[in-house]
Amino acid sequence: IMLLGWCVGATVLLYVLYSWLIPTAVQFNGSLRALDTLTRSTRPQRLLKVVQKHATRGDPQSVISAIDHFCRRSEWAMNIGDEKGSILDSVVSELNPEKVLELGTYCGYSTVRIARLLPPGARLITLEFNADYAAIARQVIAWVGLEDKVQLVESASEDWIPRMTEHFGIETFDFVFLDHWKDRYLPDTKLMEGCGLLRKGTVLLADNVICPGVPDYLEYVRNSLSYKSCYFKSHLEYSKAEDGLEKKSVFLG
């Protein structure tokens, strides 16, 4: 009986660790590897398995819903999320852009949200520095069937921004979504300006401007005569912590 009680207690403890304590800690400490050790997989790999198991191939909305459900109920991940994702959707739908640049692909969640709303013939170039993330994102994009609209480049943003015109034949972008390393928001924005990739009317949308925050970027776009900027209050993905998007930082030329 004592042995049975010990086994039950150990099972309950493992369940609590897996379903609550560890995911909570992961949300606030991205370096925690406990779940990776327990499952012998990475978060992106687990996210991909959820897509392949629960999402319908060729159906972008089912992929988005599967990821959102996983991140809210099982394990937090640094996608833009459903709440801020609706803001992203509204911006893309309003602009109806033909040439889009995404900085920071992660596992392809925001890539799918954007690409599914683009008109026929539109192009989305997404840059991801992390090879493991890029590998997962390619499989997610392929599962949805959006390879014809999406070009994923595995490289640092500062290396490829100057090569956009030469390599892809793109003179300017209609829409740029910034969701990569926060210390690159401002340098990459200035780099795009210097490379002539922003035309009058180009819209920049920046995620995580409050949490973890990008004060140098906000100071620049809010005080520059070259931009008309607006802040939309929201919450950090899949949480109640305040965050927001700097929406419609419109380049005025």
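**Exercise 1.** Determine which residues are in contact with Ile114, leaving aside its neighbours within four places in sequence.

*Solution.* Contact means heavy atoms within 4.5 Å. Under this criterion, Ile114 touches Leu88, Val92, Val100, Glu102, Leu124, Phe175 and Phe177.

The model is predicted: local features need pLDDT of at least 70, side-chain atom pairs count only at pLDDT 80 or more, and totals for chains, interfaces and linings use all residues. Residues are numbered from 1 along each chain as its sequence is written, and side-chain values use heavy atoms, with hydrogens and water left out.

**Exercise 2.** Check whether the span of helix α5 (residues 81-95) agrees with its 15 residues.

*Solution.* Helices are DSSP runs of H or I with at least four residues, numbered from the N terminus. The expected span is 1.5 Å times one less than the number of residues. For α5 this gives 21 Å, and its end C-alpha atoms are 21 Å apart, so the two values agree. Just after α5, Asn96 takes a positive phi of about 50°.

**Exercise 3.** Explain why Cys107 forms no bond with Cys71, and state whether Cys107 is buried or exposed.

*Solution.* A disulfide is a pair of cysteine sulfur atoms within 2.5 Å. The closest cysteine sulfur to that of Cys107 belongs to Cys71 and lies 8.7 Å away, which is too far for a bond. The structure as a whole holds 0 disulfides.

Buried means under 20% relative accessible area, exposed over 50%, and partly exposed in between (1.4 Å probe, protein chains only). Cys107, at 1% relative accessibility, therefore counts as buried, whereas Cys195, at 30%, counts as partly exposed.

Definitions and conventions
Helix = DSSP H or I, 4+ residues; strand = E, 2+ residues; numbered from the N terminus.
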